[in-house]
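Student: Can we walk through this one together? I'd like to know what stands behind the labels people put on it.

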Amino acid sequence: MKPIPTVDLDRAHALMMGALDGECTAEERQELDSLLARHADLAAEWTRLRRVKEVTASMNLRHPSEETWDRFRLSVMHRAERGIAWTLIAAGAIVLGMWLFWEWLESFLTDAGLPLPVKLAVTGLVAGGLILLVSVIRERWFLRRRDPYSREVTR
Amino acid sequence: MDTQTDASLVQRVRTGDRDAFGLLVERHMRRAYLQALGLVGSREDALDLSQEAFARAFRARHTLDPDRPFYGWLYQILRRLCFNFRRDRRVRSALLEREGSAWLTDVALRAAPVDPGTALERAELSRRVTAGIEALPDREREVLVLKEFEDLKYREIAELVGVPIGTVMSRLYSARRRLAECLVNDQ
């Protein structure tokens, strides 16, 4: 019985892609044709892939109207400005909020008129809130470091 | 005529020159928008994401390197925005609800009039291909869009995406195989 020749599938797939996209040499095309002639399953797959190429080649992305481009540049500059503004506002609000909170906490804890259980309860609430905040920030930081796309954007 | 190279514009942008950045935006906005459209499949979102990519690029202008291609750098910001956008569960469900949104167009159908039967058949094919592309994993979809709709060479795709040519080809193969299954299964 004649043995069935083994095929390097990765090589066959690469040859098919190259041939579909016109990025293969004459030798590679010959190699592909020879593989297709010997393997019916590869030939069937080749037919399916050619059909996909034919369909996608007949389609294109929809272009927007020309007015869209007129607004595009302006919108980008506005966004850039707004981004800087929001960063400054957020930084200012955080510093101000922390100062106000500290002032309030100090006066609250030193208020001799308040009973101890109330002070303890408020201290517990504040401590719990801080732990939650730190936990969320840590989780976000961890996820950001493990983001599969972040490594690719580092240039 | 605009004869300035990207590198010279980038040099000016680094010093805060907004006009130079405006020229870079004008030069690359169409490409950025279309690539975002291919990645997210919604015109409004593609517009929003491509504008946001430019805005972020401007804010990070001090990190720009005039010796590297500007668009390659911008594309890294853009693709990350698009991938994160798609990863957002709420947005994903919204995308499913918006099934059939027309972000692809049949060039052959627009080029020459055909009989109603053929037009209906082509519209159905277009719907299936669109749905098939939307169901592809992000990285396969990205490579397919850059190849089919941007008509880039494997080498150019590899440079933009930051992977070897072999990876581009294997992602492309995988994307096309999934699309082929989708076309067969849906018939």
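Tutor: Sure. This is a predicted model, and the contact draws 46 residues from chain B and 34 residues from chain A.

Student: What makes two residues count as being in contact here?

Tutor: Their C-beta atoms, placed from the backbone, have to lie within 7 Å. On chain B, the elements that each supply at least two residues to the side touching chain A include helix H2 (18-40), strand S1 (104-106) and helix H7 (116-134). By class, that side of chain B has 26 nonpolar, 8 polar and 12 charged residues.

Student: How do you know that strand S1 of chain A pairs with S1(B)?

Tutor: Pairing takes at least two bridges. Strand S1 (residues 59-61) of chain A has 3 bridges to S1(B), so the two count as paired, and they run antiparallel. Within that pairing, A:Asn60 sits opposite B:Thr105.

Student: What span does H7(B) have, and what is expected?

Tutor: H7(B) has 19 residues and reaches 27 Å from first C-alpha to last, close to the 27 Å expected at 1.5 Å a residue.

Student: Which residues of H7(B) are called buried, and why are they said to line one face?

Tutor: Buried takes 20 or more other C-beta atoms within 10 Å; B:Val129, B:Gly132 and B:Ile133 are buried. Looking down the axis of H7(B), the buried residues fall within an arc of 95°, so they line one face of the helix. On the other side, B:Pro116, B:Gly117, B:Leu120 and B:Glu124 are exposed.

Student: How much of chain A counts as buried?

Tutor: 13% of its 155 residues.

How values were computed: Residues numbered from 1 in each chain as written. Chains lettered and ligands numbered in written order. Predicted model: local features only at pLDDT ≥ 70, side-chain atom pairs only at ≥ 80, totals over all residues. Helix = DSSP H or I, 4+ residues; strand = E, 2+ residues; numbered from the N terminus. Nonpolar A, V, L, I, M, F, W, Y, C, P; charged D, E, K, R; others polar. Expected span 1.5 Å × (residues − 1). Buried ≥ 20, exposed ≤ 12 C-beta atoms within 10 Å, placed from the backbone. Arc of directions from axis to C-beta.
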